[in-house]
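Grab a viewer and work through these exercises one at a time. Try each task yourself before reading the solution under it.

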Number of protein chains: 2
Amino acid sequence: MRIDVKRCAELLAEHDNILILTHAHPDGDTLGCGFALCRALYKLGKICGVANADEIPKKYSYMFEDIAEIKFKPSYVVAVDVATDNLLGELQRQYHIDLCIDHHSTNTEYADYLLLEDAPAACQIMLEVIRELGVEIDSRLAGCLYTGLSTDTGCFKYASTTAATYRAAAELIELGADNGAINRAMFETKTKTYARLERLALDSMRFYENDRIAVITITQAMYNETGSNEQETEAIAPLTRQIEGVEIGITVKEKPDGTCKASLRTFETVNAAEIAKCFGGGGHAQAAACRLECGVEEARDRLVEKSAQMLKG
Amino acid sequence: MRIDVKRCAELLAEHDNILILTHAHPDGDTLGCGFALCRALYKLGKICGVANADEIPKKYSYMFEDIAEIKFKPSYVVAVDVATDNLLGELQRQYHIDLCIDHHSTNTEYADYLLLEDAPAACQIMLEVIRELGVEIDSRLAGCLYTGLSTDTGCFKYASTTAATYRAAAELIELGADNGAINRAMFETKTKTYARLERLALDSMRFYENDRIAVITITQAMYNETGSNEQETEAIAPLTRQIEGVEIGITVKEKPDGTCKASLRTFETVNAAEIAKCFGGGGHAQAAACRLECGVEEARDRLVEKSAQMLKG
């Protein structure tokens with residue numbers, strides 16, 4: 001059932017022993033939502049915690065390094081920034097989702113209650129929920145929410161960023177979010193392993209359809225060669241779309257089992273989610289993802305073929 | 001004489017035939033200030049124009065493409081975002097500067113009247129001035145001011161960005177600034193020649209002193225191979241400092257005559273200007289430059305040696 005911010009805050013206030021789930025391969029927005037909500041619920045005296053299917057990249061540790069983990073039996077489960085329940089990874093089978101707070105228009109309404117708003121970052125919605133809960137937003141909580149705003153908008157760069165996003169950022173900075181340090185950690189710091197992977201990724205870039213489609217291919221061999229891993233590939237996908245003239249950027253990543261995951265990036269002229277949908281995936285109009293049960297070369301060919309069709313309208 | 005926003009607006013309202021000067025090698029902030037002020041003064045029925053010593057890069061043409069150039073004899077000259085009068089380039093000798101609107105704490109007070117405020121972008125101050133002038137801010141004027149905010153803060157990334165900057169951006173977006181298109185043009189568009197050069201530059205990166213020093217080397221052969229040129233290297237220097245653990249990033253660029261130019265990037269721990277000074281150069285604490293009358297390899301060795309000394313304190 002679709003609910004509004006007020007009802008969402010009521011539901012959270014009514015429950016205790018709340019487990020918050022982020023999506024697998026957690027990013028700044030899902031983690032920002034998760035730990036911001038966790039901090040807010042702690043302030044209300046509740047027992048709660050955050051869980052997800054994968055290891056949290058080290059650069060996000062400032063969000064939770066001061067929080068002691070509590071062991072408890074969850075009686076209410078909330079998914080944040082999770083568009084479909086299979087994005088929960090291996091946690092999908094373990095939990096029934098009572099509440100979902102999300103900003104993906106493709107949300108499959110898998111939770112009993114869904115707060116879904118149109119915002120460039122789920123953290124922008126979470127700020128409203130936490131305001132409605134009436135708890136004081138301290139600098140660490142503000143930092144969690146700021147991280148989501150910043151990371152999901154490419155540091156306020158993407159066209160989806162609205163005046164409300166900038167206002168939310170202003171408010172969070174005034175509440176103590178360390179915007180300089182957060183943005184440096186998120187956008188200005190490459191691990192050596194990532195830097196090596198980025199080089200190989202750029203070397204792999206190929207162009208199609210008069211250079212309107214760019215494809216990066218990342219193989220397991222490239223992870224082995226560089227010491228990098230899939231967790232570090234988040235920043236790779238946007239590189240495809242940065243080349244002048246490219247309208248569709250595709251990043252094909254080989255999984256350990258030889259099948260593929262693909263990230264799609266487009267501009268206004270092409271709907272990325274529509275391409276992803278052809279392969280059973282989804283996402284946003286300009287950033288989407290899907291899985292393909294084949295090797296990287298076949299995956300690339302199939303994605304390029306479908307993308308070329310989209311360009312022809 | 002130092003003045004406030006109110007007095008600055010009064011001075012502008014009192015005068016006509018106003019020439020606005022931006023600094024040489026104009027960037028988004030000085031141009032944004034210049035064309036925003038020009039548009040505001042037009043709305044007040046004044047004769048005015050913008051001038052600078054160098055050609056304006058094509059990517060900024062949306063700021064002025066709809067403005068007809070007027071020939072007039074200036075009776076009042078305003079410099080915007082210009083810290084010292086020698087940054088006016090060849091225009092320095094031609095004009096007496098009546099008024100300066102700036103945000104550089106190093107401003108040398110060369111103008112009769114100076115509006116100097118602490119802000120990450122001069123456009124943030126210009127927004128206050130234009131509000132005080134009482135003119136309506138249309139979408140094109142808003143776009144000029146937004147450009148300055150965005151470009152001088154690395155798209156709202158740098159630590160200098162304040163809550164007020166984000167609020168100003170929110171206001172300008174509501175007034176019609178096309179933030180998506182502007183940021184794409186400023187930050188997300190790499191020419192193919194630049195993209196090729198960047199790959200070679202990343203391939204050339206070498207590490208020294210337990211990876212605390214990173215060096216990129218760009219040769220004339222690399223320009224020839226990629227079709228790129230030195231004008232496109234602006235975005236290369238920051239790449240060195242982005243690698244985790246790197247404290248000094250050096251970019252050595254070979255000139256056509258076989259000698260070198262070097263760009264230095266550091267974090268708070270090392271003063272880049274001090275290293276540059278050893279080779280007759282200079283700059284800011286975290287970004288400096290110098291020339292070396294030798295080939296790239298010798299230049300690299302000398303810079304690394306001096307940098308290693310700096311690391312040892």
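**Exercise 1.** In this predicted model, decide whether Arg265(B) is buried or exposed, then list what it touches.

*Solution.* Start with the location: Arg265(B) sits in strand 9 of chain B, residues 260–266. Next, take its relative accessibility, which is 18%. The cut-off for buried is under 20%, so Arg265(B) counts as buried. Now look for contacts, skipping residues up to four places away in sequence. Arg265(B) touches Ala237(B), Pro238(B), Thr240(B) and Arg241(B), then Glu247(B), Ile248(B) and Gly249(B), and finally Gln286(B), Ala287(B) and Ala288(B).

**Exercise 2.** Do the same for Ile218(A): is it buried or exposed, and which residues is it in contact with?

*Solution.* Ile218(A) belongs to strand 7 of chain A, residues 213–218. Its relative accessibility is 0%, so it counts as buried. Leave aside neighbours within four places in sequence, and the contacts of Ile218(A) include Leu197(A), Ala201(A), Tyr223(A), Thr233(A) and Ile236(A). Thr251(A), Val252(A), Lys253(A), Glu254(A) and Val296(A) are also in contact with Ile218(A). Take Leu197(A) as a distance check: 21 residues separate it from Ile218(A) in sequence, and the C-alpha to C-alpha distance is 8.5 Å.

**Exercise 3.** Work out the strand order of the open 5-stranded sheet in chain B, and say which strands stand at the edges.

*Solution.* Read across the sheet and you get 2-1-3-4-5, with parallel pairing. Strand 2 (48–51) and strand 5 of chain B each have a single partner strand, so they stand at the edges and one side of each lacks a neighbour in the sheet. From one strand to the next, the twist averages 20°.

Now check some pairings. Strand 1 and strand 2 of chain B are parallel and share 4 bridges; here Leu21(B) has Ala51(B) of strand 2 as its bridge partner. Strand 3 and strand 4 of chain B also run parallel, joined by 3 bridges. In that pairing, Ala79(B) is matched with Cys100(B) of strand 4.

Then add the helices. Helix 1 of chain B packs on the sheet and touches strands 1, 3, 4 and 5, with its direction at about 135° to that of strand 4 of chain B. Helix 2 of chain B packs on the sheet too, touching strands 1, 2 and 3, and its direction makes about 170° with that of strand 2 of chain B.

Finish with strand 1 of chain B, which is covered on both faces. Ile18(B) and Ile20(B) lie on one side, Leu19(B) and Leu21(B) on the other, and all are buried.

**Exercise 4.** Find the buried residues of helix 1 of chain B and say what covers them.

*Solution.* Go along residues 5–14 and pick out Val5(B), Cys8(B), Ala9(B), Leu11(B) and Leu12(B). They span an arc of only 160° around the axis, so they fall on the same side of helix 1 of chain B. The cover includes strand 1 (18–21), strand 3 (76–80), strand 4 (99–102) and strand 5 (113–116) of chain B, along with helix 2 (28–43) and helix 3 (122–133) of chain B.

**Exercise 5.** How do helix 3 and helix 4 of chain B pack?

*Solution.* Two numbers do the job here: the angle between the axes and the distance between them. For helix 3 and helix 4 (residues 139–152) of chain B, the angle is about 150° and the axes are 8 Å apart. Over 145 degrees counts as roughly antiparallel, so that is how helix 3 of chain B runs relative to helix 4 of chain B. Helix 3 brings Cys123(B), Gln124(B), Met126(B), Leu127(B) and Ile130(B) to the meeting. Helix 4 of chain B answers with Leu141(B), Cys144(B), Leu145(B), Gly148(B) and Leu149(B).

**Exercise 6.** Which rotation superposes chain B on chain A, and through what surface do the copies meet?

*Solution.* A 180° rotation with 0.4 Å of shift along its axis does it, with an RMSD of 2.9 Å. The two copies are thus related as by a two-fold rotation axis. Now compare interfaces: 100% of the interface residues of chain B are also interface residues in chain A, so the copies meet through the same surface.

Technical notes. Residues numbered from 1 in each chain as written. Chains lettered and ligands numbered in written order. Predicted model: local features only at pLDDT ≥ 70, side-chain atom pairs only at ≥ 80, totals over all residues. Heavy atoms only, no water. Buried < 20%, exposed > 50% of the residue type's maximum accessible area, 1.4 Å probe, protein only. Helix = DSSP H or I, 4+ residues; strand = E, 2+ residues; numbered from the N terminus. Arc of directions from axis to C-beta. Contact = heavy atoms within 4.5 Å. Least-squares fit on C-alpha atoms with pLDDT ≥ 70 in both. Pairing = 2+ DSSP bridges. Axes fitted to C-alpha atoms, helices over the stretch in contact; angles between N-to-C directions. Parallel < 35°, antiparallel > 145°, perpendicular 65-115°, else oblique.
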